[in-house]
Amino acid sequence: MALRTIREEGDSILLKKSRPVTDFNKRLHTLLDDMRETLLQADGVGLAAPQVGVLRRVVIVMDTNREELTPEEQIIELINPEIVSADGEQTGQEGCLSVPGVYGIVTRPEHVVVRAQDRFGNSFEVEGTGLTARCFCHETDHLDGHLFTEKAERILTPEELDELNSQE
Ligand code: ZN
């Protein structure tokens, strides 16, 4: 496994649409393993392949609702993910490893169901609520070249960020 460099806002790759995965091969597994390591090292909750410079429909999301699991075990791998249903609404702060130090207020569904394939090409469905639902939406947006800053109602001010940091 190897750490990959996380691309940051201003890099045009983040604005491009990713292509579906058709070969569930060693190359895909290496990408997933590297993404897992990169996400854990960056202490994030989700990562999409374009964020590491690969325009393929691959994301990983941490199911932080499952507190009984280790961070490594919380990671859900989603190949060719599609949000097949969404309901409810949540409005809250959101950030992105590709937009460091910036947080915005974004409204997302409270609950989503995602259909995807695993690393071997098997189809499955997974659902998420709260932060996990937010993360599924945020990461699948990356695959279509969208960043959360486009959807944010507003960006937090430096004072609000200070307050946020002091709470942690
Ligand atoms: Zn992001």
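This passage describes the zinc site and the largest pocket of a predicted model.

The model is predicted, so local features need pLDDT of at least 70 and side-chain atom pairs count only at pLDDT 80 or more, while totals for chains, interfaces and linings use all residues. Residues are numbered from 1 along each chain as its sequence is written, and side-chain values use heavy atoms, with hydrogens and water left out.

A good place to begin is the metal. The zinc ion has Cys 96 (SG), His 138 (NE2) and His 142 (NE2) as its protein donors, at 2.0 to 2.3 Å. Donors are N, O and S atoms within 2.8 Å of the metal (3.2 Å for Na, K and Ca), and sites may look incomplete because water is not among the atoms. Along the sequence, the donor residues follow the spacing C-x41-H-x3-H. Distant parts of the chain are linked here: Cys 96 sits in the loop between strand E4 (90–94) and strand E5 (104–108), and His 142, 46 residues apart from Cys 96, belongs to helix H3 (residues 131–143). Helices (H or I, at least four residues) and strands (E, at least two) are DSSP runs, numbered from the N terminus.

Are these two residues buried or exposed? Cys 96 is buried at 11% relative accessibility, and His 142 is buried at 2%. Buried means under 20% relative accessible area, exposed over 50%, and partly exposed in between (1.4 Å probe, protein chains only).
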